[in-house]
Amino acid sequence: MTDRIMDGVRVLDLTTFVTGGFATLMLANQGAEVVKVERPDAGDDNRHSGPPFVDGESPYFWTVNYGKRSVELDLKSEAGREALYDLAEEADVFVQNYRPGTAERLDVDYESIREQNDDIVYCAISAFGQTGPWRERPGYDLLVQGMSGIMSVTGEPDRPPVKVGLPQTDLITGMWAGFGIVNALYKRERTGEGEYIDLGMLDATLPWLTKQAGKVFAGEEPTRMGTKDPVLAPYQTYETADGHVNVACLNQKLWREFCEALDRPDLFADPQFETNADRVENMDALEAEIEAELTEKTTDEWMEILVEEAGIPAGPVQSVEEALYNEQTEARGVVTHISDEESDREIPVVEHPLNYANAESGFESPPPRLGADNRELFREIGYSEAEIEELAEKGVFGEE
């Protein structure tokens, strides 16, 4: 594969789990060489996330680490830190997600790395950022989902709050990190200067509150509404004869056409449903009327009536397997496979969505085994075989 936008960019990824891992995954998809710097013998904690495991490997780990390389370094040893500094001299980007203060104790903070490479783009990811009274608190996706307000508006009314069923704040933060890193690299192209990025998960999540934040700014309190929407109706999930369907009517034209497709013109004429504001005010009554109709037919039947015939924005609630494998994802090449020569196995890949007209993107290799590039990477930056052997003898790579 050639002509990928980030070809020639080298990234040192010292993160574990998902926040930094997803950021560097995005960069790897665009051609960056991403080197995972992992703890000897243990590696990224995400390697051990499961079950399920496939031949001892975590499929969850796969999904965040396609196309990367792996080197083990004991950063608590002087030899390990010096080896990292040598790698940093040849790098463009350095990413870590230590709790504030840890990077300083390990001498891998921005100032220490900048001494080796003064135009490095350094991204420090943490739960609450490098400043403020919560800076030293530990934090993971579950905690940030709760503290960001997401859980307060997720779930059914009069039921306990629930978290989103995927690591949403990890992924949000990872996307901000990828965006910030690319911005900093662009700035470096123009000015020749490196950059330091302080990114907190809580900070990263709050801009995503959008309409819920808008209600607070208007003096109202957002609440859990199930699949209902606080400002649009009908815009929710409805039961059908054999499953569930989502319907989204964002304007009067769609609302009229939806009523016609249901063969319920009386709903469009009903004063309590006349405008979107009216429908939001009378959402429960509207739900009862619509669901009474939708439960009369199967989801597939409604897809034919609503979508194929009437052009209404509607869609089934699919399982994860159905979402990954269907005629649309097949046509778009969303789920592909990478050959893993060591295991003689095909590893499934969820491709990233950026489809350029004049550039390539995509993953070139499977997720790395722990320490797979210990020796080769140092050969590439000029270490002799004797010097590499000395690192190994000092335990820098752990037990190879």
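Reader: Let's start with one residue: in which helix does Asn183 lie?

Author: Asn183 lies in helix H7, which covers residues 168-191. Before we go on, keep in mind that this is a predicted model.

Reader: Noted. Is Asn183 buried, partly exposed or exposed?

Author: Residues under 20% relative accessible area are called buried, those over 50% exposed, and anything in between partly exposed. Asn183 has a relative accessible area of 39%, so it is partly exposed.

Reader: And how far apart are Asn183 and Glu195 in space?

Author: From C-alpha to C-alpha, Asn183 and Glu195 are 9.7 Å apart, with their positions 12 residues apart in sequence.

Reader: Let me zoom out. How many helices and strands does the protein have?

Author: The tally is 18 helices and 11 strands. As for extent, the C-alpha trace spans about 85 × 50 × 45 Å along its principal axes.

Reader: What share of the residues is buried?

Author: Of the 400 residues in the protein, 46% are buried. Then look outward: about 20500 Å² is exposed, and carbon and sulfur atoms supply 50% of that area.

Reader: What about contacts between residues at least 6 apart in sequence?

Author: Among those contacts, 67% join residues at least 24 apart.

Reader: And the charges: how far apart are the mean positions of the positive and negative ones?

Author: There are 34 positive and 81 negative charges, and their mean positions are 5 Å apart.

Reader: Now a single helix. How many residues of helix H1 are buried?

Author: Helix H1 runs over residues 19-29, and 10 of its 11 residues are buried, so the rest of the structure largely encloses it. Among the buried ones are Phe22, Leu25 and Leu27, along with Gly20 and Gly21.

Reader: What happens just after H1?

Author: Just after H1 comes Gly31, with a positive phi of about 110°.

Reader: How should I read aromatic pairs?

Author: The general idea is that two numbers describe a pair of aromatic rings: the distance of the centres and the angle of the planes. In this protein the count comes to 10 aromatic pairs. Take Tyr110 and Tyr122: their centres are 5.6 Å apart with 65° between the planes, an edge-to-face pair.

Reader: Where in the chain do Tyr110 and Tyr122 sit?

Author: Tyr110 is in helix H5 (residues 110-116) and Tyr122 is in strand S5 (residues 121-126), so to speak two distant parts of the chain, 12 residues apart, linked by this pair. Both Tyr110 and Tyr122 are buried.

Reader: Why is the pair of Tyr110 and Tyr196 called tilted?

Author: Planes under 30 degrees apart count as stacked and those over 60 as edge-to-face, with the rest being tilted. The rings of Tyr110 and Tyr196 have planes at 40° and centres 5.1 Å apart, so this pair is tilted. The pair also links distant parts of the chain: Tyr110 in helix H5 and Tyr196 in strand S6 (residues 195-200), 86 residues apart.

Reader: Are Tyr110 and Tyr196 buried or exposed?

Author: Tyr110 is buried at a relative accessible area of 14%, while Tyr196 counts as partly exposed at 31%.

Reader: Which residues form one aromatic cluster with Tyr110?

Author: The cluster takes in Phe94, Tyr122 and Tyr196 along with Tyr110.

Reader: What sits over the ring of Tyr235?

Author: That would be the charged end of Lys211, 5.6 Å from the ring centre of Tyr235.

Reader: On to the backbone. Is the peptide bond from Gly50 to Pro51 cis or trans?

Author: Omega is near 5° there, and the bond from Gly50 to Pro51 is cis. Then the bond from Pro51 to Pro52 is cis too, with omega near 10°. For location, Pro51 is in the loop between strand S2 (33-38) and helix H2 (59-65), and Pro52 lies in the loop between S2 and H2 as well.

Reader: What is phi of Asp263?

Author: Phi of Asp263 is near 60°, a positive value in a residue other than glycine. You'll find Asp263 in the loop between helix H10 (252-261) and helix H11 (265-269), and at 63% relative accessibility it counts as exposed.

Reader: And what phi does Asp344 have?

Author: Asp344 is not a glycine, yet its phi is positive, about 55°. The loop between strand S10 (335-340) and strand S11 (345-350) holds Asp344, which counts as exposed at 72% relative accessibility.

Technical notes
Residues are numbered from 1 along each chain as its sequence is written. This is a predicted model: local features need pLDDT of at least 70, side-chain atom pairs count only at pLDDT 80 or more; totals for chains, interfaces and linings use all residues. Side-chain values use heavy atoms; hydrogens and water are left out. Rings of Phe, Tyr and Trp (its six-membered ring) pair if their centres lie within 6.5 Å; planes under 30 degrees apart count as stacked, over 60 as edge-to-face and the rest as tilted. Helices (H or I, at least four residues) and strands (E, at least two) are DSSP runs, numbered from the N terminus. Buried means under 20% relative accessible area, exposed over 50%, partly exposed in between (1.4 Å probe, protein chains only). A charge sits over a ring if NZ of Lys or CZ of Arg is within 6 Å of the ring centre and within 35 degrees of the ring normal. Contact means heavy atoms within 4.5 Å. Accessible areas come from the Shrake-Rupley method with a 1.4 Å probe; for residues, only the protein chains shown count as cover. Lys and Arg count as positive and Asp and Glu as negative; His and the chain ends are not counted. The place of a charge is taken as NZ of Lys, CZ of Arg, CG of Asp or CD of Glu.
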